[in-house]
Amino acid sequence: MKITIAQINPIIGDIEGNFIKIKDAILKALSDKSDIVVFSELSLLGYPPFDLLKNNIIKNKIEEGVKRILQENFPINILLGAPYFEDNRIYNSIYWIKENKIIKRIDKFYFSNDPIGQGNYFSYGTPDFLEIDNKKIGLFIGDDFIFSSDHSNYKDYLKTSDLILIISSSFYYFGKRQERIEKISQLAKGIEKEVIYVNQVGGNGELIFEGGSLAISKKGELLFEGEIFKEDIKTIDLKNLYPTSSKGEDISFLYDGLVLGVRDFIKKSGFQKAVIGLSGGIDSALVACIAREALGEENVLGVSLPSIYTSRESIEDAEKLSKNLGIEFRIIPISDIFYSYLKELNPSGNPIMDVAEENLQSRIRGNLLMFISNREEYILLATGNRSEALTGYCTLYGDTAGALEVIGDIYKTTVYELANYVNKNNEIIPQNILAKAPSAELRPGQKDEDSLPPYSILDPILKAYVDENKSLEEIVQMGYKREIVKTVIEKVEKSEYKRRQIPPVLRIRSKNPLKERFFPLVYKII
């Protein structure tokens, strides 16, 4: 049996555009003389649709989209992901289509913990089989069954199947790829059945989908792996496949995932170009590299906005970075604007050098970057990292301005790892940016460590407290000073209101990306 795995990159709600991708994949499968072409979960609509499922326009377009595929009368078995609407219920369904008939519809029947809440929209279906070419194919929709530890209620279903097909649209986080392969391999080996896994690829909003569809042997061996972070239409024949090794997850996965996320966020939003405020620091440098990779050098603008406290070195570093990347670079000094504010706000008209004036500079920069965004049709990319967001080391309406927080899910220590990855072959990010102490340069001699512990200490504390939900006492027992831990936790507590207002963050390491933290707007623990 020849099976075409159609790993496509849909746009949520773009039924017409998604139909074209689906049709092209079917034609490719026909040219390969395939028996079945399999698409990812909700591929006709795109995933995750959230409340679009409640929109009658979408409902009508889905129904028309399915009819259009039937009208094409394709002489091949098509397994298409699309919602099915019945009365007041919605089902997450796979349509088995051949020629001009829906032979069968199988609805998702296994739901487990869902970090993005799609299970709240769909009703339960009933387990059923696809019977194609004398093979009984068991079908699961989504990753729920893979990551569940209890398969006891489905022993008979698994035993009766000749082949297991898992059709999913599974968002990526670092480490998930290897975890998924191990889980599917254990499943295949345990039931002694071949398993085919089909996944969506692409960026949809904050979420990134890596693709990487799979075929696993009865012995749990990897037989096939689709492209990572790329569309891929491949026809396979299980009897002609041999064991292979998977693409190991390393720092390149984080980088390539962020590139895909930026590219799809901007292009699916109807834009082509991005503008970035280049401070001469490592965060904005990394975001500029990601943007150039995603959009091409001709579509990225870097802007230096020096104030009275900005060092000549920082301007030169930003300019050198832009030259290395081949992107347009502008310098817009903000000193005169800053002094015009002080003339109105300070009795003497001179700097007082307090936090209000530090933040004022950041907000002037945000305004100017948004002016360029509006006038020249650039999307502004914010450059804050996760360490800053968790501790509130950012300025609302200043460096948090932007449509997308590109590295907001990346700790500062990992930012350095990614920067070194960028420079693996030659120096793109100037060495001086990597070497100098991080600074916002909002007052004379300012360094991040004036307000925060060193990132080598801060990041492990944040990971323990936020990611692992450890208590103050548990973190102290890890070897960190009580006063430092207490200070870090207090910073996290006091800055929830800021995190509520930062731009959407590309999720690349969070297992619960949209519900990672949902704390009261104001709270106190320590």
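This is a short tour of a predicted model, going from the whole chain to a buried strand, some salt bridges and a surface patch.

**The whole chain**

Start with everything shown. The protein has 16 helices and 19 strands. Its radius of gyration is 26 Å, close to the 24 Å that the globule rule gives for 526 residues, so the protein is as compact as a globular protein of that length. The C-alpha trace spans about 85 × 55 × 50 Å along its principal axes. Of the 526 residues, 56% are buried.

**Strand β8 and its neighbours**

Select residues 163-167, which form strand β8. Is this strand enclosed or open? Strand β8 is largely enclosed by the rest of the structure, because 5 of its 5 residues are buried. Show the side chains: L163, L165 and I167 point one way, while I164 and I166 point the other way.

Next add strand β7, residues 135-141, which runs parallel to β8 and is joined to it by 5 bridges. G138 is the residue opposite I164. To get from β7 to β8 the chain passes through helix α3 (residues 155-160), in a right-handed β-α-β crossover.

Then add strand β9, residues 194-198, also paired with β8 in the parallel sense over 5 bridges. Here I167 stands opposite V198. Helix α4, residues 176-191, completes a right-handed β-α-β unit with β8 and β9.

**Salt bridges**

Side chains of opposite charge can pair when their charged atoms come close. The whole structure holds 35 salt bridges. Three pairs and a network are worth selecting.

- K61 and E16: their closest N and O atoms are 3.7 Å apart. K61 is in helix α2 (residues 56-72) and E16 in helix α1 (residues 15-31), so the pair ties together parts 45 residues apart in sequence.
- K104 and D128: the closest N and O atoms are 3.5 Å apart. K104 belongs to strand β5 and D128 to the loop between β5 and β6, 24 residues apart.
- E376 and R330: the N to O distance is 2.8 Å. E376 lies in helix α9 (residues 355-376) and R330 in strand β17 (residues 328-331), so this pair ties together parts 46 residues apart in sequence.
- The network: select D143, R177, R180, E210, E225 and K247, which are linked by salt bridges.

**A patch on the surface**

Finish with I337, Y341 and L345, which make a nonpolar surface patch of about 260 Å². L345 is part of helix α8, residues 335-345. With 56% relative accessibility, L345 counts as exposed.

Definitions and conventions. Residues are numbered from 1 along each chain as its sequence is written. This is a predicted model: local features need pLDDT of at least 70, side-chain atom pairs count only at pLDDT 80 or more; totals for chains, interfaces and linings use all residues. Side-chain values use heavy atoms; hydrogens and water are left out. Patches are made of residues with over 30% relative accessible area and no salt bridge: like charges are joined within 9 Å, nonpolar side chains (Val, Leu, Ile, Met, Phe, Trp, Tyr) within 5 Å. Accessible areas come from the Shrake-Rupley method with a 1.4 Å probe; for residues, only the protein chains shown count as cover. A salt bridge is a side-chain nitrogen of Lys or Arg within 4 Å of a carboxyl oxygen of Asp or Glu. Helices (H or I, at least four residues) and strands (E, at least two) are DSSP runs, numbered from the N terminus. Buried means under 20% relative accessible area, exposed over 50%, partly exposed in between (1.4 Å probe, protein chains only). Two strands pair if DSSP finds at least two bridges between them. A crossover is right-handed if, with the strands pointing away from the viewer, the path from the first strand over the helix to the second runs clockwise. The radius of gyration is taken over C-alpha atoms; the globule rule is 2.2 Å times the number of residues to the power 0.38.
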